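Reader: Could you take me through one helix in this model and the site it belongs to? I'd like a close look rather than a tour.

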Amino acid sequence: MQAVAIRTFGDPTGLEVVDLPDPNPERGQALIVTEAIGVGGVDSVIRRGTLAEYGFREGHILGGEVAGTVAAVGAEVDTSWVGRRVWGFAGLGGGYAEQAVVPAESLVPLPANMSAVDAVTVGSSSVVAHFGLRHARFVPGESVLVRGAAGGIGIMAVQLAARGGAGAVAVTTSSPERGSRLRALGATRVLDRSGDAGEASDDYDVIIDVVSGVDLPSFFDRLRPNGRMVAVGVVGGNPPADFGTRMFAAFQRSLSFATFSANTVTDSDRRAVTAESLAATSRGELEAVVHEVLPLEQAALAHRKMDAGEVFGRLVLTPSGQASK
Ligand SMILES: NC(=O)c1ccc[n+]([C@@H]2O[C@H](COP(=O)([O-])OP(=O)(O)OC[C@H]3O[C@@H](n4cnc5c(N)ncnc54)[C@H](OP(=O)(O)O)[C@@H]3O)[C@@H](O)[C@H]2O)c1
């Protein structure tokens, strides 16, 4: 089968198309013939070699989120999965391939008529956004700021907050054009990356932060008393080491800061939320914002686009022979 591996860590030219033996599912696993493969920011981080200390080596096959048809299952897996169209989560590798092995406990059936492209656009982003909002103890009527709203997680957080009855949904983004697109998805206020709206500032009950980075502490000032900030991503890098000092400076406002990782969500909760998000998308209640669909062998081009900051929503790869569905 064809796959895309990291030949050398660094820029996207280090990605190469390779021919590998077809994988076999082991106990507890399912083999998916892929129709669509999600491309995520973490793929770039692994490609650069930044996570080598976590065991990622050259030769690694990137990709976590796939959709397609189950071709085979390993021992102790219900054989009725075979032949079904599914969404599956390979974790941090193995997805950029014509066939991917995933834990069977990650499998979620695709709703009838749902495209594989839409499934990998909505699936894991909705899990992070849903549980990120829950971690922030968001309740209807509260105002929410989504910082770094133009990516898959932010777009889903905007939609879920709006759909969940937020009193206001503000976003940070880098251009008015992106701001307009986010308004169409439910945002009620558009701020620049610094959080400036160019007029009187609002405060928020909840901030879902995909960015972190050196500017994170300045957003503590945008929280209302009892406000909660949940960091769900680090696209801007880590916050400054003394960011807790800024939090303590606001002691009398009873602020909360937390990180949230979907790794702490149980498989059954992850499956339930993924299934609900796919169903809501197929009903037209959530929008799958696909930036572009590219052939699997153009994974390097996809990474160049991602590195250039061009992507609004999700980049998706499809193996050759698969129509863009
Ligand atoms: N918590 C979890 O369980 C979980 C799971 C998967 C991934 N993640 C993390 O989530 C992040 C990726 O999420 P994503 O794909 O939604 O994001 P993304 O598309 O990589 O970035 C989101 C947006 O942030 C803005 N941005 C980028 N760099 C910035 C900077 N330096 N300062 C301010 N804004 C910046 C950009 O929008 P504008 O240009 O419009 O500002 C970008 O579109 C990664 O950090 C990944 O590790 C977390």
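Author: Here's a look at α1, starting from the whole chain and then working in to the helix and the ligand.

Keep in mind that this is a predicted model. The protein chain has 7 helices and 15 strands. Its radius of gyration is 20 Å, close to the 20 Å the globule rule gives for 325 residues, so the chain is as compact as a globular protein of that length. Along the principal axes, the C-alpha atoms fill a box of roughly 60 × 40 × 35 Å. Of the 325 residues, 48% count as buried. Take the contacts with a separation of 6 or more: 69% of them are between residues 24 or more positions apart.

The chain splits into domain 1 (2–123 + 266–318) and domain 2 (137–259), with 28 Å between their centres, taken over C-alpha atoms. Where they touch, domain 1 puts in 9 residues and domain 2 puts in 10. The domain 1 side of that contact is an even mix, with 3 nonpolar, 3 polar and 3 charged residues.

Now for α1 itself, which spans 41–48. Which of its residues are buried? D43, I46 and R47 are. These three cover an arc of only 100° around the axis, which puts them on the same side of α1. As a reminder, an α-helix has 3.6 residues a turn, so residues three or four places apart point the same way. What lies over the buried residues of α1 includes three strands, β1 (2–6), β2 (15–19) and β3 (29–39), along with the helix α7 (299–307). Just after α1 comes G49, and its phi is positive, near 95°.

Then there's the ligand. It has 26 residues around it, and the closest are G41, G148, G151, S174 and G233. G41 is also where α1 (41–48) begins. Both α1 and α3 (152–163) supply at least two residues each to the shell, though the largest share, 3 residues, comes from α3. By class, you get 11 nonpolar, 13 polar and 2 charged residues around the ligand. Neither domain is left out: the shell draws at least three residues from domain 1 and at least three from domain 2.

So to pull α1 together: D43, I46 and R47 are its buried residues, they sit on the same side of the helix, and α1 also supplies at least two residues of the shell around the ligand.

Technical notes: Residues are numbered from 1 along each chain as its sequence is written. This is a predicted model: local features need pLDDT of at least 70, side-chain atom pairs count only at pLDDT 80 or more; totals for chains, interfaces and linings use all residues. Helices (H or I, at least four residues) and strands (E, at least two) are DSSP runs, numbered from the N terminus. The radius of gyration is taken over C-alpha atoms; the globule rule is 2.2 Å times the number of residues to the power 0.38. A residue is buried if 20 or more other C-beta atoms lie within 10 Å of its own, exposed if 12 or fewer, and partly exposed in between; C-beta atoms are placed from the backbone. Two residues are in contact if their C-beta atoms, placed from the backbone, lie within 7 Å. Domain bounds come from an automatic or database domain assignment. Ala, Val, Leu, Ile, Met, Phe, Trp, Tyr, Cys and Pro count as nonpolar, Asp, Glu, Lys and Arg as charged, and the others, Gly among them, as polar. A residue is near a molecule or strand if its C-beta atom, placed from the backbone, lies within 6 Å of it. The arc is that of the directions from the helix axis to the C-beta atoms.
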